[in-house]
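Me: I am new to this structure and would like to go through some of the terms used for it, asking each time what justifies them. Please set each value against its cut-off before you conclude.

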Amino acid sequence: MVKFCTKTCLFILPKTSYHQLQTQSFIPFSVRQEQKILESRLVSVLHGCTHINQVKQAHAHIFRKGLEHCCFVLAKLLRTLTKLDVPMDPYPRLVFQQVEYPNPFLWTALIRGYALQGPFMESVLLYNSMRRQGIGPVSFTFTALLKACSAALDVNLGRQVHTQTILIGGFGSDLYVGNTLIDMYVKCGCLGCGHRVFDEMLDRDVISWTSLIVAYAKVGNMEAASELFDGLPMKDMVAWTAMVTGYAQNARPREALEVFERMQAAGVKTDEVTLVGVISACAQLGAAKYANWVRDVAEQSGFGPTSNVVVGSALIDMYAKCGSVEDAYKVFERMEERNVYSYSSMIVGFAMHGLAGAAMELFDEMLKTETKPNRVTFIGVLTACSHAGRVEQGQRLFAMMEECHGVAPSEDHYACMVDLLGRAGRLEEALNLVKMMPMNPHGGVWGALLGACRIHGNPDMAQIAASHLFELEPNGIGNFILLSNIYASAGRWDDVSKVRKLMRVKGLKKNPGCSWVEGKKGIIHEFFAGDMSHPKSREIKQALEDLLDRLMYLGYQPNLSSVAYDISDEEKKRLLMSHSEKLALAFGLLTTNAGCTIRIVKNLRICEDCHSVMCGASQITGREIVVRDNMRFHHFRNGRCSCDNFW
């Protein structure tokens, strides 16, 4: 038994039990049968009502047939009015008040209406009135009250309702009540209480299990979600989808794909929600093999991108993040229906690949189709301008957002503008824009300014941005590292030591640089900076040394400023050689056929030295090299990068 203590009780128990005795004159069986048929017919009519005028016509018919006190029919009337969002006062309330002896189902219909529409406390007061009159609740009474507690996020009231289900008896073991209790505790942020309810339920169904799986996934505890999932006797599509999307939303794409493969092997049907989850996982992983596979699954499941705009938009985003903006555009072109999400996905895709011209052309085309842009659309076009250095164009777009398109600039749009001005070296303008913001800047805004200070070597302004970031994101390790690197580039080693000491005091540890590359047969190989534990480490090291020797013959010199440590030049060269993206590049050159594109994904930003190496490697090997870092894509061809070094 779950034990919950409450300080106060809003619920009033009846002083004495009250039984309604209603004398009825004898009604022949045939007449009673006709009445039941009429009642069922009226309930069916009410079920099909889609407008309040239809409900009123049905209500008039109820009166003409003398059924104005029939709780069975009137409960359906109240539920229909609730479904049509008709306020409980005055119409539904008056219908209820005219019934002399309302039964528990009619009480519950009114309680449910207030629970869904509010005011929520009115549903509690009605429950008290019902109990004072000696009317016993039904399971739906409690589920309605618990939904009111969920909507109000009032866990204390929810605990009192929970207590009522136990005190009155018979409802503690009700499956539907138990599931609603779990949902209430989860929505109120008491996941532990929800799990205790689950543990004590005598009967459980797939909803019981899935509610908790989804809840644990939302808070990032995929281990607990996985344990529940493994214990679920019969796994339906919803449960499988909860695991796929849970892993995807918690940046664990490999596990998401593994679960989806198990789901496919189990022969479970796939819907568009599952597909969007696994497509998101493919986008995070950036692997072309999985991208094509999941598209084939979508086609076979009847959710192909040509006819399904949701899946199509997700596939556009996926292909763009897998480094193939061409495939993304092919999906976009073939879509029979396009909406703001498909246009925005394609515009953002062009932007992250540095194709500002294509992004702006598509934006103009979107406006001609009278598709109204949203906040994501403008993030895309502003990002495109930022990555291409189109300052004036970006400023014009920012100015017209609200005036011409009704999209009020948010913190994210201001972050784009700060990034745009900062990359172009207009740091003072960027700082003034931050000061003029009509809302408090979030971490993204100050982070954009801090990044611009790194590009242009301005440690004083960097300190201003960092001080705000340390308040907003006290445990954001990246902010400390970026400030430390800015000080290091300026030779301010005492300041570097202070920042690193602060990191140690706070217990912050730097995330190691990690890159992954797709090898033969689509297998993903992962490399960490300085880690030579890969089975082919010896060959990788030799291939990298040979590549660097060839580059040095053509004039390459290691960019030692990419190492933010006060160490010898030789030690800096050694560290640069062990960067994860260089290891991934060498592995790709070793294991893929000549002429094949090498695709690398990195968890951090690519450094200046690695950028130079990639440019040179593309020239001397004749390979296209695509690197996706945590900011954008870089396409290296014939010794040049798509970013034109504006990054």
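Me: How many bridges join β1 to strand β3, and in which sense do the two run?

Reply: In this predicted model, three bridges join β1 to strand β3 (residues 598-602), and the two run antiparallel. Two strands count as paired when there are at least two bridges between them, so the three bridges found here satisfy that condition. One residue contact can be named as well, since W516 has V601 as its bridge partner in β3.

Me: What makes β1 and strand β2 a pair?

Reply: The requirement is at least two bridges, and β1 and strand β2 (residues 524-528) pair in the antiparallel sense over five bridges; the condition is therefore met. Within β2, H525 is the bridge partner of V517.

Me: Why is strand β1 called mostly covered?

Reply: A residue is buried when its relative accessible area is under 20%, and in strand β1 (residues 514-518) five of its five residues are buried, so the strand is described as mostly covered. C514, W516 and E518 point one way, S515 and V517 point the other way, and all of them are buried. In a regular strand the side chains alternate between the two faces of the sheet.

Me: How do you know that F260 and W293 form an edge-to-face pair?

Reply: Rings pair if their centres lie within 6.5 Å, and planes over 60 degrees apart count as edge-to-face. For F260 and W293 the centres are 5.5 Å apart and the angle between the planes is 70°, so both conditions hold and the aromatic pair is edge-to-face. F260 lies in helix α14 (residues 253-265) and W293 in helix α16 (residues 288-300), so the pair ties together parts that are 33 residues apart in sequence.

Me: Are F260 and W293 buried or partly exposed, and why?

Reply: F260 has 0% relative accessibility, which is under 20%, and therefore counts as buried. W293 has a relative accessible area of 26%, which lies between 20% and 50%, so W293 is called partly exposed.

Me: What makes F363 and F378 an edge-to-face pair as well?

Reply: Their ring centres are 5.7 Å apart, within 6.5 Å, and their planes are 65° apart, over 60, so this aromatic pair is also edge-to-face. The pair links distant parts of the chain, with F363 in helix α20 (residues 356-368) and F378 in helix α21 (residues 375-388), 15 residues apart. Both F363 and F378 are buried.

Me: How do you know that a charge sits over the ring of W209?

Reply: The distance cut-off is 6 Å from the ring centre, and the position must also be within 35 degrees of the ring normal. The charged end of R204 is 5.6 Å from the centre of the W209 ring, which is within the distance cut-off, and R204 is listed as sitting over that ring. Likewise, R338 lies over the face of F332 at 4.2 Å from the ring centre, and F332 belongs to a cluster that ring pairs build from Y329, F332, Y343 and F350.

Me: Why are F140 and E392 both called partly exposed?

Reply: The class covers values between 20% and 50%. F140, in helix α7 (residues 139-152), has 45% relative accessibility and therefore counts as partly exposed. E392, in helix α22 (residues 391-405), has a relative accessible area of 48%, so E392 is partly exposed too. F140 also joins F105 and Y176 in a nonpolar surface patch of about 320 Å².

Definitions and conventions
Residues are numbered from 1 along each chain as its sequence is written. This is a predicted model: local features need pLDDT of at least 70, side-chain atom pairs count only at pLDDT 80 or more; totals for chains, interfaces and linings use all residues. Side-chain values use heavy atoms; hydrogens and water are left out. Rings of Phe, Tyr and Trp (its six-membered ring) pair if their centres lie within 6.5 Å; planes under 30 degrees apart count as stacked, over 60 as edge-to-face and the rest as tilted. Helices (H or I, at least four residues) and strands (E, at least two) are DSSP runs, numbered from the N terminus. Buried means under 20% relative accessible area, exposed over 50%, partly exposed in between (1.4 Å probe, protein chains only). Patches are made of residues with over 30% relative accessible area and no salt bridge: like charges are joined within 9 Å, nonpolar side chains (Val, Leu, Ile, Met, Phe, Trp, Tyr) within 5 Å. Accessible areas come from the Shrake-Rupley method with a 1.4 Å probe; for residues, only the protein chains shown count as cover. A salt bridge is a side-chain nitrogen of Lys or Arg within 4 Å of a carboxyl oxygen of Asp or Glu.
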